[in-house]
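Thanks for making time this morning. I would like to take you through one chain, beginning with its overall build and ending with its surface.

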Amino acid sequence: MTPTVQGISFATVVVFVTAAFVWLLLPFYGAVLWAVILALLFNPLHRSLERRLGGRRNLAAMLTLLACICIVVIPGSLILASLAQETTSLYNRISTRELDLALILENFHSALPSFIVDGLAVFNLGSFEEIQTRLTSFLGEAAQAIATRIVSIGQGTAQLFISLGIMLYLLFFLFRDGPRLAATIRKASPLSDHHTNHILGKFSEVVKATVRGNVIIAIIQGAIGGIAFWMLGIEAALLWGVLMAVLSLLPAIGAFLVWGPVAAYLLISGQYLKGAILLSVGVLIISMIDNLLRPPLVGKGTRLPDYVVLISTLGGIAIIGMNGFVIGPLIAALFFAVWSLFTDDQIRSQRGDK
């Protein structure tokens with residue numbers, strides 16, 4: 001009985017200490033998560049450099065880290081700086097009435113067909129004054145929320161730099177000691193070797209497919225959408241392009257949430273050529289990119305149906321935030337992988353009994 005009590009006690013201690021360690025890392029879970037993701041994505045480059053450098057792990061890890069900074073960190077920082085500048089410029093133009101939203105809204109309302117106006121009347125939006133009142137209230141709340149968010153971002157600048165430093169610091173050691181850490185995890189796992197290897201392999205596959213596929217699709221869709229907006233003379237093209245890139249993380253419906261309403265506005269307000277061009281670009285290029293690239297880049301790697309990818313992505317973003325576009329499909333893929341292993345074990349067990 002003593003060994004059983006000791007075993008239960010030790011297992012309790014292991015669970016408690018592990019939970020305490022995870023709780024300790026929660027403030028920087030984003031930094032740890034992205035360090036692991038970047039380590040998986042840049043692992044082929046690191047292995048290649050390590051072979052070419054004769055097994056000098058420290059030098060290979062440092063060069064891979066520098067490549068990661070040049071490819072990911074610096075471009076991302078430049079885009080965020082340009083985005084902040086363009087967002088501030090647009091906000092100032094709206095505040096100083098240089099960009100008259102009321103006039104734009106009035107022109108839009110007057111160009112609406114009568115059946116649409118009758119339909120809006122059902123929601124008490126039949127007159128221009130009612131629409132303007134609702135929109136003004138919405139913009140006021142949105143401006144207040146944006147201002148609050150800007151203050152919080154300013155206050156969290158130090159936290160952002162600390163998280164970035166932790167991510168890069170951890171990333172170096174993941175490059176250098178990654179194989180040994182993976183071997184340690186396999187040895188420490190209470191699961192069988194088959195189960196452990198299958199789950200770790202699925203984790204690596206899903207992270208690579210989700211991040212690499214979504215980022216490639218986001219960059220292409222955002223770039224095409226932003227260029228189209230810029231060529232058509234639409235205000236804040238970079239802002240809308242980045243927004244399309246972010247929303248493209250949502251399969252099928254993402255970028256359409258930006259270019260769709262803008263194309264509809266251009267057509268209804270009488271700018272038929274611009275509206276037709278944007279509609280053509282959206283339907284024939286942006287949407288086709290999503291339909292053509294997402295199945296081989298994301299769906300094939302995760303081995304999940306499109307509807308599961310969509311629902312798990314939305315659920316992850318709703319619960320966790322932007323990191324949920326990785327964690328959501330990852331949890332879904334691990335769910336299917338674990339239940340597949342359980343089902344296979346049950347079938348083998350039944351065959352063995354017979």
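Among contacts in the chain between residues at least 6 apart in sequence, what percentage join residues at least 24 apart? Taking a contact as heavy atoms within 4.5 Å, the share comes to 67%.

Before going further, I should say that this is a predicted model, in which local features need pLDDT of at least 70 and side-chain atom pairs count only at pLDDT 80 or more, while totals for chains, interfaces and linings use all residues. Residues are numbered from 1 along each chain as its sequence is written, and side-chain values use heavy atoms, with hydrogens and water left out.

The chain has 14 helices and zero strands, where helices (H or I, at least four residues) and strands (E, at least two) are DSSP runs numbered from the N terminus. Of its 354 residues, 30% count as buried, meaning under 20% relative accessible area, with exposed being over 50% and partly exposed in between (1.4 Å probe, protein chains only).

Turning to the surface, the chain exposes about 21,900 Å², of which carbon and sulfur atoms supply 71%; these areas come from the Shrake-Rupley method with a 1.4 Å probe, and for residues only the protein chains shown count as cover.

One feature to look at is a nonpolar surface patch of about 950 Å², made by F21, V22, W23, L24, L25, L26, Y29, I319 and I320. The elements giving two or more residues to this patch are α1 (2-25) and α13 (306-320), and α1 gives the most, with five residues. Patch residues have over 30% relative accessible area and no salt bridge (a side-chain nitrogen of Lys or Arg within 4 Å of a carboxyl oxygen of Asp or Glu), with like charges joined within 9 Å and nonpolar side chains (Val, Leu, Ile, Met, Phe, Trp, Tyr) within 5 Å. L25, found in helix α1, is partly exposed, with a relative accessible area of 34%.
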